[in-house]
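These are my notebook entries on one protein chain. I looked up its charged pairs, its surface patches and one recorded domain.

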Amino acid sequence: MSKKTKKIKCVIWDLDNTLWDGVLVEDEEVTLKSYILDVMQELDHRGILQSISSKNNYEDAMMKLEAFGIKEYFLYPQISWSSKSQAVQEIIRCLNIGADTIAFIDDQHFERDEVKSAVPEVACFDACEVVNLLKKDMFNPDFITKDTMRRREMYQADYKRKKVEDAYQGPHEDFLASLDMHIHIAYARDSDLDRVIELTERTNQLNTTGYTYSYEQLKAMQNSDTHKLLIVGLDDKYGTYGKIGIILIDTRMDRWTLELFIMSCRVMSRGIGTILLNHIMEVAYRSNMALYAKFITTSKNKMMQLTYNLAGFKIFEKKDDYILMHNDFGHIQKMPDYVKLLSELEVYEDDQIRRKHG
């Protein structure tokens, strides 16, 4: 296990004299820089999201982006006369990703300083550095998976869901029911291992330990009788969220220990973590296996600790480098009616479930 270097998840572009040559409010005939489209397309291929922080008239700038045929690349563009740092912070909030995974590109030194002063974790680059941007390690993910290449598409589907959710007037559970969610839990295949590595490296908030593994380590656990390595997918009526979670269970010592439990932040509001934990608890209970979980507290994973606590996990033992938690199966919640779950975890006798749930 090892800690990996942070990679950039989103590039935020200035427009005037950065994305294009010229200043739009002074001259409508600005021209897209010759190399920009290639850079943008490669960032998109690598799964790096893109947005805009620009001081301009919103309608004029969006019309120009559409005319250049690049409007679709930008998520949550912030185009107004407010400060660049405000725009950057709003994009971070909308995408729900760490400020230390953001790159901001602007030709103006004082704008970069203003952003750096307000959000010091953001990596700032001069527009003249764009030609060499793709060579930098922080812009090169270790793997490019199917989910990587369609990341922008999945975020755009999230945007549509959020608009519907914000306008929804009824109970949150009714909204969730309207999504027609399907969860798939499967043992990780060879084709999934790169995505498993990617999730361990990119996910900070809904991550119980922060452990990362090499391909060889995962391959060994995949073929082991002592571990269960599972990957979780989610789809709804708006499309697929892709592979959004990892469950790694150590089955040694005649008990199950959750070594790693990860959920993508994109499904934080869907209650998927709670649903999965209750499923694991139910199968462990049916298997007559004690259930434990490792947890390592970080500055970012308080939400995951709360999820464990709400599922009934309690501190059993404090080790030097992690907390061992235990679940006594005191309250296993039934699967919500609005979710369909297809799982490769073992299925046991139904009568035992009835005895547990009454």
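The entries below follow the order in which I looked things up.

**Entry 1: the model.** I noted at the outset that this is a predicted model. I therefore treated local features as usable only where pLDDT is at least 70.

**Entry 2: salt bridges in total.** I asked how many salt bridges the count comes to. The count comes to 29 salt bridges. I then examined three individual pairs and one network.

**Entry 3: Lys33 and Asp21.** I found a salt bridge between Lys33 and Asp21, with the closest N and O atoms 3.9 Å apart. Lys33 lies in the loop between β3 and α1 (36-45), whereas Asp21 belongs to strand β2, so the pair ties together parts that are 12 residues apart in sequence. I next asked whether Lys33 is buried or exposed. Lys33 counts as buried because its relative accessibility is 13%, and the cut-off for buried is under 20%. Asp21 has 38% relative accessibility and therefore counts as partly exposed.

**Entry 4: Lys243 and Asp192.** I recorded a second salt bridge, in which the side chains of Lys243 and Asp192 meet at 3.0 Å, N to O. Lys243 is part of strand β10 (residues 239-250) and Asp192 sits in the loop between β8 (181-187) and α8 (193-202), so this pair ties together parts that are 51 residues apart in sequence. Lys243, at 29% relative accessibility, counts as partly exposed. Asp192 is buried, because its relative accessible area is 9%.

**Entry 5: Glu259 and Lys294.** I looked up a third pair, Glu259 and Lys294, whose closest N and O atoms are 2.9 Å apart in a salt bridge. The pair links distant parts of the chain, with Glu259 in strand β11 (residues 255-263) and Lys294 in strand β12 (residues 290-295), 35 residues apart. Which of these residues are buried? Glu259 counts as buried at 9% relative accessibility, and Lys294 is buried with a relative accessible area of 14%.

**Entry 6: a network.** I noted that salt bridges also link Asp147, Arg150, Arg151, Arg195 and Glu198 in a network.

**Entry 7: a negative patch.** I turned to the surface and asked which residues form a negative patch. The patch is formed by Glu26, Asp27, Glu28, Glu29, Glu59 and Asp60. I located Glu29 in the loop between β2 (20-21) and β3 (31-32). Glu29 counts as exposed because its relative accessibility is 60%, and exposed means over 50%.

**Entry 8: a nonpolar patch.** I also found a nonpolar surface patch of Met303, Leu306 and Leu310, which together have about 300 Å² of accessible area. Leu310 is placed in helix α11 (residues 302-310). Its relative accessible area is 62%, so Leu310 is exposed.

**Entry 9: the recorded domain.** I consulted the UniProt record, an unreviewed entry, which lists residues 183-336 for "domain: N-acetyltransferase". In the model, the end C-alpha atoms of residues 183-336 lie 12 Å apart. I noted that this span is 27% helix and 34% strand.

**Entry 10: Arg189.** I asked where Arg189 is placed. Arg189 is found in the loop between β8 and α8. With a relative accessible area of 41%, Arg189 is partly exposed. Finally, I compared Arg189 with Pro120: they are 69 residues apart in sequence and 40 Å apart in space, C-alpha to C-alpha.

Notes:
Residues are numbered from 1 along each chain as its sequence is written. This is a predicted model: local features need pLDDT of at least 70, side-chain atom pairs count only at pLDDT 80 or more; totals for chains, interfaces and linings use all residues. Side-chain values use heavy atoms; hydrogens and water are left out. Patches are made of residues with over 30% relative accessible area and no salt bridge: like charges are joined within 9 Å, nonpolar side chains (Val, Leu, Ile, Met, Phe, Trp, Tyr) within 5 Å. Accessible areas come from the Shrake-Rupley method with a 1.4 Å probe; for residues, only the protein chains shown count as cover. A salt bridge is a side-chain nitrogen of Lys or Arg within 4 Å of a carboxyl oxygen of Asp or Glu. Lys and Arg count as positive and Asp and Glu as negative; His and the chain ends are not counted. The place of a charge is taken as NZ of Lys, CZ of Arg, CG of Asp or CD of Glu. Helices (H or I, at least four residues) and strands (E, at least two) are DSSP runs, numbered from the N terminus. Buried means under 20% relative accessible area, exposed over 50%, partly exposed in between (1.4 Å probe, protein chains only). UniProt positions are given in the numbering used here, feature names are shortened, and annotations may be inferred rather than shown by experiment.
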